[in-house]
Amino acid sequence: MSDFELPDRVNPYQLADKLSRLEGVIGAKRLKRLEEATAGIDESAQVSLGFDRDESGRRLISGHVTAIVNLQCQRCLQVYGSKLEGDFTLALVYNDEMAKALPAHLDALLLLPDALLDVADIVEEELLLSLPMHAMHPEGECRIETQFGTDEPTGSTGKAPNPFDVLKVLK
Ligand SMILES: [Zn+2]
């Protein structure tokens, strides 16, 4: 993907009519809310936005965004790097009727025709939505887990003790 820093604002209606695609990055300094919601942004957001019209003539923005952020593990309280990833499809609407008429798989983005769209804003929104509810190290990488978890066998070999084993001993 390119390192092109995406513009602050674009006209999404025009871009959709021209079936355009925007690919590039959004630097951490443009993602203040994400920065505050995490322990910091490690790598700029990589963004791919497609502007399109569907068979009903709706203008759509289909996006794929990724970013690497630092999160604090809720179990061991250490900070770790985590990749955020999100996909979305937004339909541009400029009144309530248009929004209500949208099929369920489309989210409405209310914007007057020829109004400008804040690119970082929709990217940041998607990244915020992709944040885990409870930040936690991936399986096997947490300090707490290794302290308490490694002695116990996992998976099919880890059988619960059979209460009848005790009876065998008593016989
Ligand atoms: Zn942890």
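Visitor: Let's start with the sheet: how many strands does it have, and in what order?
Guide: This is a predicted model, and in it five strands make an open sheet in the order 2-3-4-5-6, with mixed pairing.

Visitor: What makes a strand of this sheet an edge strand, and which strands are those?
Guide: An edge strand pairs on one side only, and that holds for strand 2 (21-26) and strand 6 (107-110). As for the twist, neighbouring strands are turned by 30° against each other on average, with direction ignored.

Visitor: How do you know that strand 3 and strand 4 count as paired?
Guide: Pairing takes at least two DSSP bridges, and ten bridges join strand 3 to strand 4. The two strands therefore count as a pair, and they run antiparallel. For a concrete spot, look at Asp-52, which stands opposite Leu-60 in strand 4. These two strands form a hairpin with five residues between them, and Gly-57 in the turn has a positive phi of about 85°.

Visitor: How many bridges join strand 4 to strand 5, and which way do they run?
Guide: There are 13 bridges between strand 4 and strand 5, and the strands run antiparallel. Thr-66 stands opposite Glu-85 in strand 5.

Visitor: What makes the pairing mixed, then?
Guide: Look at strand 5 and strand 6: four bridges join them, and they run parallel, whereas strand 4 and strand 5 are antiparallel. Both kinds occur in one sheet, hence the word mixed. Within the parallel pair, Ala-91 has Ala-108 of strand 6 as its bridge partner.

Visitor: Why do the side chains of a regular strand alternate between two places, and what are those places?
Guide: In a regular strand, side chains alternate between the two faces of the sheet. Strand 4 shows the pattern: Arg-59, Ile-61, Gly-63, Val-65, Ala-67, Val-69 and Leu-71 point to one face and are buried. Leu-60, Ser-62, His-64, Thr-66, Ile-68, Asn-70 and Gln-72 point to the other face and are not buried.

Visitor: Why is Val-93 called buried or exposed, whichever it is?
Guide: Buried starts at 20 other C-beta atoms within 10 Å. Val-93, in strand 5, has 21 of them, so Val-93 is buried. Setting aside residues up to four places away in sequence, Val-93 touches Met-98, Ala-99, Ala-108, Leu-109 and Leu-110. The C-alpha atoms of Val-93 and Asp-107 are 9.7 Å apart, with 14 residues separating them along the chain.

Visitor: And what makes Ala-39 buried, exposed or partly exposed?
Guide: The in-between class sits above 12 and below 20 neighbours. Ala-39 has 17 other C-beta atoms within 10 Å, so Ala-39 counts as partly exposed. Ala-39 lies in the loop between helix 2 (32-37) and strand 3 (41-53). Beyond four places in sequence, Ala-39 touches Asn-70, Leu-71, Gln-72 and Val-79.

Visitor: What stands out about phi of Leu-77?
Guide: Leu-77 has a positive phi of about 65° although it is not a glycine. Leu-77 is found in the loop between strand 4 and strand 5, whose hairpin has six residues between the strands. The cut-off for exposed is 12 or fewer neighbours; Leu-77 has 9 C-beta neighbours inside 10 Å, so Leu-77 counts as exposed.

Visitor: Which value does phi of Asp-114 take, and how do you know whether Asp-114 is buried or exposed?
Guide: Phi of Asp-114 is near 70°, a positive value in a residue other than glycine. Asp-114 lies in the loop between strand 6 and strand 7 (117-118). With 10 other C-beta atoms within 10 Å, Asp-114 is exposed.

Visitor: What makes up the largest nonpolar core?
Guide: That core has 25 residues, and those with the most contacts inside it are Ile-26, Ala-45, Val-47, Ala-67, Val-123 and Leu-127. Strand 3, strand 4 (59-72), strand 5 (79-93) and helix 4 (119-129) each give two or more residues to this core. Ala-67 touches Ile-41, Glu-43, Ala-45, Leu-84 and Leu-127, leaving out residues up to four places away in sequence.

Visitor: Which residues of helix 4 are buried, and how do you know where they sit around the axis?
Guide: The buried residues of helix 4 are Val-119, Ala-120, Val-123, Glu-124, Glu-126 and Leu-127. They cover an arc of only 160° around the axis, so they lie on the same side of helix 4.

Notes. Residues numbered from 1 in each chain as written. Predicted model: local features only at pLDDT ≥ 70, side-chain atom pairs only at ≥ 80, totals over all residues. Contact = placed C-beta atoms within 7 Å. Core = buried A, V, L, I, M, F, W, Y, C linked by C-beta atoms within 7 Å. Axes fitted to C-alpha atoms, helices over the stretch in contact; angles between N-to-C directions. Arc of directions from axis to C-beta.
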